[in-house]
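I opened this notebook to record what I looked up in one model. The entries follow the order of my reading.

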Amino acid sequence: MTVQVGSLIYRASNLPQHAAAVGAVSDGIPAMLFGSLTKLWKFVDADALVKALAVLRQANWTGALATAPSALSVNHTAPSGAEKAGTVRIGRGQAAIEYPTLLALQQTEVYQALVQGAAWLGSPGFAALAADTVAERWRFTDWGEVDNALQGWVPGAPYSQQLTAHRVVRHPPSVLAWYDPATMTFGRSQFLNFFGACGPTAKYLLGRVQDLGGEVQLVAEEFRLSGPNGAAKLAQLVQADYPGPVLINVVNDAIHEFVLERATDGTAALFQGYIGAYDALWWAELNRAEVTVSGNELITLQNLRTTYGGGRAVPLPTLLTNLGTFMGVDQLRNAGIAWRALPFLPKQNFNDDGLPCFDVRVWQVTDPQAVLNALRTRQIIDQQFTSWLSLAVLKEAEKAAPQ
């Protein structure tokens, strides 16, 4: 995701330029900037300067009378506006600072960061941290902390204690600004915006568990899983050993999103809403629910709900097998039969060339008891309630739902 050293941010996407800029510093390109015929070099921020140094080094720019690479001429140079040739400006508007000499630039954080971080900016270890999408960010005070934390660690190995001390975990976004049954009342249409469709249902289940004190942390994330390998990875994520309950958010942006809550004993329950068909309360077999399908379609859905809904433990091997069959189809337009075997909305057909793929995020709940205690205090659930956290949150929603 990102690695922060001091106030500078390094991302996987711009790390190669930072690593290349280390060579640019040693090659003397900053000195060439100040001796060039260009009167003003302008960079919107420190990161832009770093990328420019990398380009200059790649072009073997010699400075002085040599023309700067065309890639920099438009965005980073100006023919006038500085009192002397070779002035470097970093920033915009009133926040911009001009450096008339190399010595002045050498005192800046970005220059010092390149020099001090030379040993690590191009290293596999630092690149692995920048590519870690599970962490919100890695935060270090200075390069000395990076040095100490990465010493002896090999990418792919478990994180050392020295490393995890600098890891900032990701949490689902808070939903308190939009949805707080403890303090708000809702109209029917407003309530359906929360639990009457698949994406909002997942968002408000995850966010509400976090807001109630569950301390929800992202522990695994995979994108565009498809085919046999993707199905195997999905099964691995769902069936892995976790130290506590997890909320597994499975998403295909084009068609559906659902949450599997898995207990520490390996059992799992499915929670979802489906736009234009049913809300999450109906799927959980709670009162004040809404369903808009009827006839044979309703009978089919009720049968599926008996097996996969109502807060019951689902037949996980069957569900994973059927998801794998769906993911093994070449295109969504050909996946109708495989889709109708899944417990979502069996009538669905697709006119889409996209892949039957899923993004998966696994959220660890580190303090599930806090959620239950908060809801017991408000008499949403009783002392004997020991079921799913998602079901407890939906029971809270049921009390808030309009008649």
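The entries below go from the whole chain to single helices and residues.

**Entry 1. Whole chain.** I first noted that the model is predicted. I then looked up the secondary structure and found 19 helices and 13 strands in the protein chain. For the overall dimensions, I read a span of about 80 × 50 × 45 Å for the C-alpha trace along its principal axes. I compared the radius of gyration with the globule rule: the protein chain has 27 Å, whereas a compact globule of 403 residues would have a value near 22 Å.

**Entry 2. Burial, contacts and surface.** I asked what share of the 403 residues is buried. Buried residues make up 50% of them. Among contacts with a separation of 6 or more, I found that 65% join residues 24 or more positions apart. The exposed area of the protein chain is about 18400 Å², and I noted that carbon and sulfur atoms supply 51% of it. I also checked the charges: the mean positions of the 29 positive and 33 negative ones are 4 Å apart.

**Entry 3. Helix 18.** I turned to residues 368-377, which form helix 18, and listed Val371, Leu372, Leu375 and Arg376 as buried there. Their directions cover an arc of only 130° around the axis, which puts them on the same side of helix 18. I recalled that an α-helix has 3.6 residues a turn, so residues three or four places apart point the same way. Which helices do the buried residues of helix 18 pack against? I found helix 12 (198-214) and helix 19 (389-400) as their partners. Just after helix 18, I recorded a positive phi of about 60° at Gln379.

**Entry 4. Helix 12.** Since helix 12 had appeared as a packing partner of helix 18, I looked up its cover next. Helix 12 is mostly covered, with 13 of its 17 residues buried. I picked Gln210, which lies in helix 12. Is Gln210 buried or exposed? Its relative accessible area is 15%, and the cut-off for buried is under 20%, so I entered Gln210 as buried. With neighbours within four places in sequence left aside, Gln210 is in contact with His171, Pro172, Glu215 and Val216. One of these, Glu215, follows helix 12 and has a positive phi near 50°.

**Entry 5. Further positive phi values.** I kept in mind that most residues other than glycine have a negative phi. I therefore noted Arg224 as well, with a positive phi near 50°. Arg224 lies in strand 9 (residues 216-225) and counts as exposed at 54% relative accessibility. For Arg288 I read a positive phi near 55°. Where does Arg288 lie? I located Arg288 in the loop between helix 14 (280-283) and helix 15 (295-308). At 30% relative accessibility, Arg288 counts as partly exposed.

**Entry 6. Gly35.** Last, I looked up Gly35 and placed this residue in the loop between helix 2 (29-34) and strand 3 (40-43). Gly35 has a relative accessible area of 47% and is partly exposed. I also took its distance to Ala127: the two residues are 92 apart in sequence and 34 Å apart in space, C-alpha to C-alpha.

Terms used: Residues are numbered from 1 along each chain as its sequence is written. This is a predicted model: local features need pLDDT of at least 70, side-chain atom pairs count only at pLDDT 80 or more; totals for chains, interfaces and linings use all residues. Side-chain values use heavy atoms; hydrogens and water are left out. Buried means under 20% relative accessible area, exposed over 50%, partly exposed in between (1.4 Å probe, protein chains only). Helices (H or I, at least four residues) and strands (E, at least two) are DSSP runs, numbered from the N terminus. The arc is that of the directions from the helix axis to the C-beta atoms. Contact means heavy atoms within 4.5 Å. The radius of gyration is taken over C-alpha atoms; the globule rule is 2.2 Å times the number of residues to the power 0.38. Accessible areas come from the Shrake-Rupley method with a 1.4 Å probe; for residues, only the protein chains shown count as cover. Lys and Arg count as positive and Asp and Glu as negative; His and the chain ends are not counted. The place of a charge is taken as NZ of Lys, CZ of Arg, CG of Asp or CD of Glu.
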